[in-house]
Amino acid sequence: MEVLTLTTYADAPFMTQQQAALEERGVSFSTLSVAGEVAADTDRRPVDYVRTVPRVVREAATGYDLIHAHYGLTAPLALAGLGTPVVLSLWGSDIHGPVAPISKAAAPFCDEVVVMSERMREALGRECTVIPDGVDLERFRPEPRARAKARVGWDDEEGRDVLFPYPPAREVKNHPRAERIVSVVDNLREVPVRLRTVHGVAHDAVADYMNAADALLLTSDSEGSPNSVKEALACNLPVVATDVGDVPERLAGVDPAVVATSDEELVEGLLAVLERDERSNGRAAAREVSIDRTADRLLEVYERVAGTVIETTAERERRRVAGTGRLE
């Protein structure tokens with residue numbers, strides 16, 4: 001199966017991991033990014049999307065089984081490849097933020113829409129498939145905290161470390177709120193409590209920070225299915241988070257973990273987690289959203305939209321052996 005991926009961010013780790021898992025299942029990808037430059041504090045201009053349309057039309061004409069558009073603003077571009085089935089994946093901010101009208105207008109014209117949580121499905125207001133992004137359980141796994149702290153350079157400081165794994169410039173993540181919460185907690189404890197704002201590091205290194213930290217703090221105003229929460233679960237890192245996206249579902253049965261709806265609850269939750277000084281049982285919950293499980297579900301969407309069933313490696317081997325008449 002040949003898939004053309006349209007995206008605003010070709011290096012998004014969750015997307016590239018998803019593609020790698022699907023490639024193992026027999027899917028081939030070509031990726032086309034929207035024109036222009038993007039950064040944590042810089043969005044693409046409308047003209048960048050307009051300039052990308054002719055490229056999509058030309059590329060789609062070369063023949064693909066389907067176009068997978070990632071993020072709502074790429075949906076109109078994907079629909080320009082007339083005649084090619086379109087799968088649209090919404091990421092969260094494109095259904096909860098200012099881009100939502102475009103996502104909602106384009107969704108009915110796509111062959112299938114994938115969202116990350118039930119809340120996103122409700123916000124979209126139409127039939128769609130809920131598939132959270134998967135977490136790589138091989139990359140994100142529990143490791144000895146002392147070793148991880150040495151790797152990230154936190155081994156020579158007394159106190160507690162609270163991880164905030166996002167650029168402060170991403171307003172939806174609400175970094176000022178995280179600073180405020182940790183400042184209050186720091187004043188209430190005898191040992192120092194530090195907010196560790198980590199971004200711009202290699203994705204492989206994020207697991208070291210997860211294992212080195214004492215808690216993950218998520219203060220987002222909105223989310224789809226935050227990958228940092230699932231990665232923290234896979235590392236057994238306790239999570240204190242606002243009630244956004246599928247966070248309550250992901251943290252159900254996880255201990256210690258806190259879902260909060262106010263600053264007061266965030267402070268109380270973070271205090272409680274730090275006082276316990278224990279790792280969570282999150283890895284068991286993370287298995288529900290492993291990259292293998294979510295890739296299998298997305299492959300079913302691809303096969304349904306393209307009208308093609310991909311033969312697995314095991315099936316090909318059985319057919320080859322049957323053709324030779326040999327017994328295995």
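**Entry 1: the span 45–139.** I looked up residues 45–139 and found their end C-alpha atoms 35 Å apart, with 40% of the span in helix and 16% in strand. I note that the model is predicted. I checked the record for this span: UniProt, in an unreviewed entry, lists residues 45–139 as "domain: Glycosyltransferase subfamily 4-like N-terminal".

**Entry 2: the sheet.** I traced an open sheet of 6 strands, ordered β2-β1-β3-β4-β5-β6, and recorded the pairing as parallel. At its edges I found β2 (28–33) and β6 (129–130), each of which pairs on one side only. I recall that strands of a sheet pair through backbone hydrogen bonds. I then examined one pair, β4 (residues 86–89) with β5 (residues 112–115), and recorded 3 bridges in the parallel sense. Within β5, I identified Val-113 as the bridge partner of Leu-88.

**Entry 3: helices across the sheet.** I followed helix α1 (residues 13–23), which lies across β1 (2–7), β2 and β3 (66–70) and runs at about 155° to β2. I next followed helix α14 (residues 291–306), which lies across β1, β2, β3, β4, β5 and β6. Its angle to β5 I recorded as about 170°.

**Entry 4: cysteines.** How many disulfides does the structure hold? I found 0. I asked why Cys-110 has no such bond with Cys-128. The sulfur of Cys-128 is the closest cysteine sulfur to that of Cys-110, yet it lies 12 Å away and is therefore too far for a bond; the cut-off is 2.5 Å. I also looked up accessibility: Cys-110 counts as buried at 8% relative accessibility, and Cys-235 counts as buried at 1%.

Methods. Residues are numbered from 1 along each chain as its sequence is written. This is a predicted model: local features need pLDDT of at least 70, side-chain atom pairs count only at pLDDT 80 or more; totals for chains, interfaces and linings use all residues. Side-chain values use heavy atoms; hydrogens and water are left out. Two strands pair if DSSP finds at least two bridges between them. Helices (H or I, at least four residues) and strands (E, at least two) are DSSP runs, numbered from the N terminus. Contact means heavy atoms within 4.5 Å. Axes are lines fitted to C-alpha atoms, for helices over the stretch in contact, and angles run from 0 to 180 degrees between N-to-C directions. UniProt positions are given in the numbering used here, feature names are shortened, and annotations may be inferred rather than shown by experiment. Buried means under 20% relative accessible area, exposed over 50%, partly exposed in between (1.4 Å probe, protein chains only).
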